[in-house]
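Work through the following exercises with the sequence and the coordinates open beside you. Each task is followed by a solution that goes step by step.

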Amino acid sequence: KNEGKNYTIAFSQCTGNDSWRETMLEEMKRELSFYPNVKFIYRDAEGSNQVQISQIRELLKNDIDLLIVSPNEAAPVTPIVDSVFQMKIPVIVTDRKTSSGLYNAYVGADNLTIGKLAGQYISNVLNGKGQIGVITGLKGTSASIERKKGLMMGLDSAGKTQVGLELHSDWSRATAYALAKKQIEDLQKQDLIFAFNDQMAFGAIQALRENGNDKKKIIGIDALPGANNGLEEIANGALYASMLYPTGGTEAIRTAIAILEKTPYKRENILGTLVINKENANLMMLQSNKIQEQQKDIDKRQEFIVKQNQIYNNQKTTLQVVMTS
Ligand code: FRU
């Protein structure tokens with residue numbers, strides 16, 4: 001076993017500027033605080049395949065012991081991630097995937113299952129009839145491809161609900177809003193709108209409201225706790241439902257540590273999902289608030305331990321100075 005050795009973990013994030021990914025990073029940092037022997041290098045590719053590729057190249061110059069990567073679009077980012085794997089540097093893929101399957105571990109929910117669950121749920125809500133508007137994520141991302149595939153499977157298995165309109169967005173609220181604005185008449189005709197994340201759902205909600213409609217059923221994915229996020233918007237009735245999509249930050253770091261310390265780990269770490277709607281949103285909020293309080297408590301204890309260690313080390317050096325003088 002390699003317990004306690006010094007390590008460098010690099011994390012290449014496809015985009016950092018949204019609350020879901022901020023939550024992921026927070027989770028990672030909290031878990032990392034238990035491992036003072038681990039150096040963590042973080043890079044945000046800001047949604048660009050090219051930037052992500054060059055950032056991974058640059059990370060390799062830092063003598064990293066393990067790479068965690070959430071690939072932007074699968075195909076363009078695959079060769080560089082594969083080459084890291086082939087260099088025998090362990091690779092953990094999280095949330096989105098590359099196209100090759102060359103990784104030591106995957107951490108994230110199953111996007112095909114999520115799409116399917118959403119399709120079945122939507123079909124139930126519409127009694128197996130009607131048509132829906134779909135707002136997809138960035139086209140080459142595995143999460144969007146798998147969610148779409150799963151959605152069609154779910155709709156087919158549950159009834160005759162059809163896709164009446166598809167808007168090709170890029171995961172961002174701004175793009176979804178602009179697309180919804182442009183096709184607002186067609187969007188109005190749909191019985192329900194399903195966006196592949198909550199942020200894009202919020203963009204559609206805004207566009208519909210500006211057009212005088214706030215009654216349309218809108219469904220998203222993520223169901224993140226916190227102000228202005230999915231859970232809250234479901235509880236206050238703006239969002240009809242959302243599929244829980246855990247960020248897996250904690251699990252990614254735990255898996256990384258297991259790989260580095262040569263203790264057993266799983267190759268596929270599939271995080272659970274469920275439909276959140278008005279019936280369980282409040283319960284989820286209560287639970288996540290409680291967890292947050294407990295985490296604050298853990299943070300405080302961690303700070304205390306660090307301080308105690310500093311005091312101890314200072315006293316030790318003072319003592320040494322006294323003894324040698
Ligand atoms: C955040 C995000 C999430 C979505 C995931 C898909 O950047 O867009 O909202 O569920 O990425 O990879």
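**Two sheets, a helix pair and a ligand shell**

Strand β6 (residues 131-136) pairs with β7 in the parallel sense, over six bridges. The model is a predicted one, in which local features need pLDDT of at least 70 and side-chain atom pairs count only at pLDDT 80 or more, while totals for chains, interfaces and linings use all residues. Residues are numbered from 1 along each chain as its sequence is written.

**Exercise 1.** Place the pair β6 and β7 in its sheet, and find the bridge partner of Q131 in β7.

*Solution.* Begin with the terms: helices (H or I, at least four residues) and strands (E, at least two) are DSSP runs numbered from the N terminus, and two strands pair if DSSP finds at least two bridges between them. In β7, Q131 has Q162 as its bridge partner. The sheet is open and has six strands in the order β7-β6-β8-β9-β10-β12, with mixed pairing. Its edge strands, each of which pairs on one side only, are β7 (162-168) and β12 (275-277). Direction ignored, neighbouring strands of this sheet are turned by 20° against each other on average.

**Exercise 2.** Determine the strand order and the pairing of the sheet that contains β1 and β3.

*Solution.* The order is β2-β1-β3-β4-β5-β11, an open sheet of six strands whose pairing is parallel. At the edges lie β2 (38-44) and β11 (268-271), each pairing on one side only, and the twist from one strand to the next averages 15°. Within this sheet, strand β1 (residues 7-13) and strand β3 (residues 66-70) pair in the parallel sense over five bridges, and the bridge partner of I9 in β3 is L66.

**Exercise 3.** Describe how helix α4 packs against helix α5.

*Solution.* Helix α4 (residues 111-125) and helix α5 (residues 142-158) pack at an angle of about 40°, with their axes 6 Å apart; axes are lines fitted to C-alpha atoms, for helices over the stretch in contact, and angles run from 0 to 180 degrees between N-to-C directions. Therefore α4 is oblique to α5, since angles under 35 degrees count as roughly parallel, over 145 as roughly antiparallel, 65 to 115 as roughly perpendicular and the rest as oblique.

**Exercise 4.** Which residues of the shell around the ligand are the closest?

*Solution.* The ligand is surrounded by 15 residues, of which W20, R96, A143, W171 and N197 are the closest; a residue is near a molecule if its C-beta atom, placed from the backbone, lies within 6 Å of it. The elements giving two or more residues to this shell are α1 (19-32) and β9 (217-222).
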